[in-house]
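Here is a short set of notes to read with the structure open. Take the points in order and find each residue as it comes up.

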Amino acid sequence: MKNLFTFICLMISLGSLPLNAQCYQDFFKRGKQAYDELQFEVAIAQFKAAQVCPGITQDQRLEIVTWITEAQNGYIKAIKKLQEEAIEARKIAEKNAEIAEQRSVITEANRIAFLADQELERKNYDDAMALAFMAYNMVKDTFIPKIINTFGDAVYWKYHQQLKENGRNILGGTLSPDGSRVITYADDHSATVWGNDGEIIATLESSDSPVYSVALAPIGGEAVTGSTDQTARIWKDNGTPLATLEGHNGEVTGISFAVNGEQIITWSRDGTARLWNREGNSLAELIGHKAAVLEAVFSPDGKHILTRSADWSVRIWYANGQAKGQPLQHTGYIYRASFSPDGQSILTASADGSAKLWSLSGEVLANFTGPNGPVTNAAFSPDGQLILTTGTGGELLLYQPDGKMIANVKAHNRPVVDAAFGGTHFFTQPESGPIKIWDYSGRPVAILDGQPGKVLQTRFSPNGRFLLSAYDDGNTALWNLRGNIMMDFLGEPELPMSVVFSKDGNWLMSIQKGRMATVSPIPAYIFERLNEEGFPAMSAEKMERYGIQN
């Protein structure tokens, strides 16, 4: 375009350009037509030709300058649009290539997972674990259910331990906070401490009466057993007895350690709870209930204790065993009682149709009323800002702590027998039918319907990332929050079952009461550990056999 002026002058000198007003009108018209057709380069040339026509007026000069500017701007926008379209086309091409690559990776991961399944069938657990880890690592952020389940199966068969002894049928038990030790009790009046490798550390035998409860110290190696002979016993980690806790006048049905591990609380059918130190010395007797104590719980800060009783009341105590305030009295059986996360209030759920929030001194802070019928569950969210209640009509209600209802949902068609928060979600477990996972707004996000049996128990992992459930067909299943089965394994059907996580969330235990216990690390823990330690070893010959490139 820089030679445009020379070209126009040449045309004028040859007498081929229109003169004066006609010259301007002709070039302007052609420029306007080219502009309308988005031919901006042609438009600019025509407008500049009109600009040098002889005899044009000042208004025409201003007009043509405006149109040249418009055409130049249009040209710039057109170039920019072409550039953007080219960039977008490149992005689409790159995305398509990425999708193709991702599909290729998923296809290969599925192939390797299939190989892992084959090795599991052959009971070649080392190769199965290596292959399953490889497949899972390839698609770890994609959540391919089959690959997730294959990895979980490999973890189970590689690392699980079945805890059982000849002549001893396990009835219950628990894990140490880090999952390194297990304590179980059996129908022959004994308890056993195990390593998570399945090896027996100690057998605890000292009574002709059944053991009903056990606990492991959060710090140190002590174990405590509670028995129907009205005593509890403290044991060293090698099975040597340390002390016998005497004083109850009924079966000792529960034991718990304080948060710091320095105190032990026992509770009994005699309507009392008792505090002891780790040496077995009696610190206090918590007297006041008129029926069996069903549980005793230390507050999160360790400063208070609540006891829930069959006399339809809850009592609050200082950590030294001194009574605090008035009993929290309902007019029906109390299904649940728990401290708030900050330890400053108590939440109860009762068969009298109410859930209540209480101060530590026994004052009612809020009533949570919903549909008629017993309130079967009441629970705090981890931050204490939400309270959920459930009932026998299958309803789910969410409240603020001041009692304001924020959601009322028909969660199930059957009574809800359990519900709890975990992380940013909560679950509801009906009397029959699948478990549901919900977000804080009361919206269902997953239905755990991948198991045929009736749910017997459900537990959140401590970090709220997984759910563990036991079924009446003998199955135990570990789920993620999307509703995918991370790991499942079968036991014997038609036996009572219970499940528990270690406090750190890395280990789980499933107990088939009257038979055995099964202990296993969770897949996420093994995945993290293998990533830290390195890929499981596999020879070059095996890599070639499986068709895996280095």
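1. **Start at Leu 357.** This residue lies in strand β20, which covers residues 355-359. The model is a predicted one. Is Leu 357 buried or exposed? Its relative accessibility is 5%, so Leu 357 counts as buried; the cut-off for buried is under 20%.

2. **The surroundings of Leu 357.** Set aside the neighbours within four places in sequence. Leu 357 is then in contact with Ser 345, Ile 346 and Leu 347 on the earlier side of the chain. Its contacts also include Glu 363, Val 364, Leu 365, Ala 366 and Phe 368. Phe 380 and Pro 401 complete the list. For a sense of scale, look at Asn 281. Leu 357 and Asn 281 are 76 residues apart in sequence, and their C-alpha atoms are 35 Å apart in space.

3. **The annotated repeats.** An unreviewed UniProt entry lists "repeat: WD" at residues 204-236, 245-277, 286-317, 327-361 and 448-482. Take two of these spans. Residues 204-236 are 48% strand and 0% helix, with end C-alpha atoms 10 Å apart. Residues 327-361 are 57% strand and 0% helix, and here the end C-alpha atoms lie 9 Å apart.

4. **A sheet of four strands.** The order is β14-β15-β16-β17, the pairing is antiparallel, and the sheet is open. Which strands stand at the edges? They are β14 (293-298) and β17 (323-329). Each has a single partner strand, so one side of each lacks a neighbour in the sheet. From one strand to the next, the twist averages 15 degrees.

5. **His 304 inside that sheet.** His 304 belongs to strand β15, residues 304-309. Strand β15 runs antiparallel to β16 (residues 313-318), and 5 bridges join them. Across from His 304, the bridge partner in β16 is Tyr 318. His 304 counts as buried because its relative accessibility is 9%. Not counting residues up to four places away in sequence, His 304 touches ten-odd side or backbone neighbours worth finding, among them Val 297, Phe 298, Ile 316, Trp 317, Phe 339 and Leu 360.6. **A second open sheet.** This sheet also has 4 strands, in the order β26-β27-β28-β29, with antiparallel pairing. Strands β26 (416-422) and β29 (444-448) are the edge strands, and each pairs on one side only. Neighbouring strands of this sheet are turned by 20 degrees against each other on average, direction ignored. Look closely at β28 (residues 435-439) and β29. They run antiparallel, joined by 4 bridges. Ile 435 stands opposite Leu 448 in β29.

7. **A hairpin.** Strands β30 (residues 455-460) and β31 (residues 466-471) pair in the antiparallel sense over 5 bridges. Thr 458 faces Ser 469 of β31. The hairpin has 5 residues between the strands. Which residue there takes a positive phi? It is Gly 464, with a phi near 75 degrees.

8. **Helices α3 and α4.** Two packed helices are described by the angle between their axes and the distance between the axes. The axes of α3 (residues 40-51) and α4 come within 9 Å and cross at roughly 165 degrees. The two helices are therefore roughly antiparallel to each other; the cut-off is over 145 degrees. Their crossing is left-handed. Residues of α3 at this contact include Phe 40, Ile 44 and Phe 47, and those of α4 include Ile 64, Trp 67 and Tyr 75.

9. **Helices α4 and α6.** Helix α4 (residues 58-121) also packs on α6 (residues 145-159), at an angle of about 30 degrees and with the axes 10 Å apart. That angle makes α4 roughly parallel to α6. The crossing is left-handed. Among the α4 residues that meet α6 are Ala 109, Ala 113 and Leu 120. On the α6 side, the residues include Ile 147, Ala 154 and Trp 157.

10. **Helices α5 and α6.** Helix α5 (residues 125-138) packs against α6 with the axes 9 Å apart, at an angle of about 150 degrees. So α5 is roughly antiparallel to α6. Here too the crossing is left-handed. Tyr 125, Met 129 and Phe 133 are among the α5 residues in this contact, and Ile 148, Phe 151 and Val 155 are among those of α6.

Methods. Residues numbered from 1 in each chain as written. Predicted model: local features only at pLDDT ≥ 70, side-chain atom pairs only at ≥ 80, totals over all residues. Heavy atoms only, no water. UniProt positions renumbered as here; feature names shortened; annotations may be inferred. Pairing = 2+ DSSP bridges. Buried < 20%, exposed > 50% of the residue type's maximum accessible area, 1.4 Å probe, protein only. Contact = heavy atoms within 4.5 Å. Axes fitted to C-alpha atoms, helices over the stretch in contact; angles between N-to-C directions. Parallel < 35°, antiparallel > 145°, perpendicular 65-115°, else oblique. Left-handed = near helix turned anticlockwise from the far one by under 90°.
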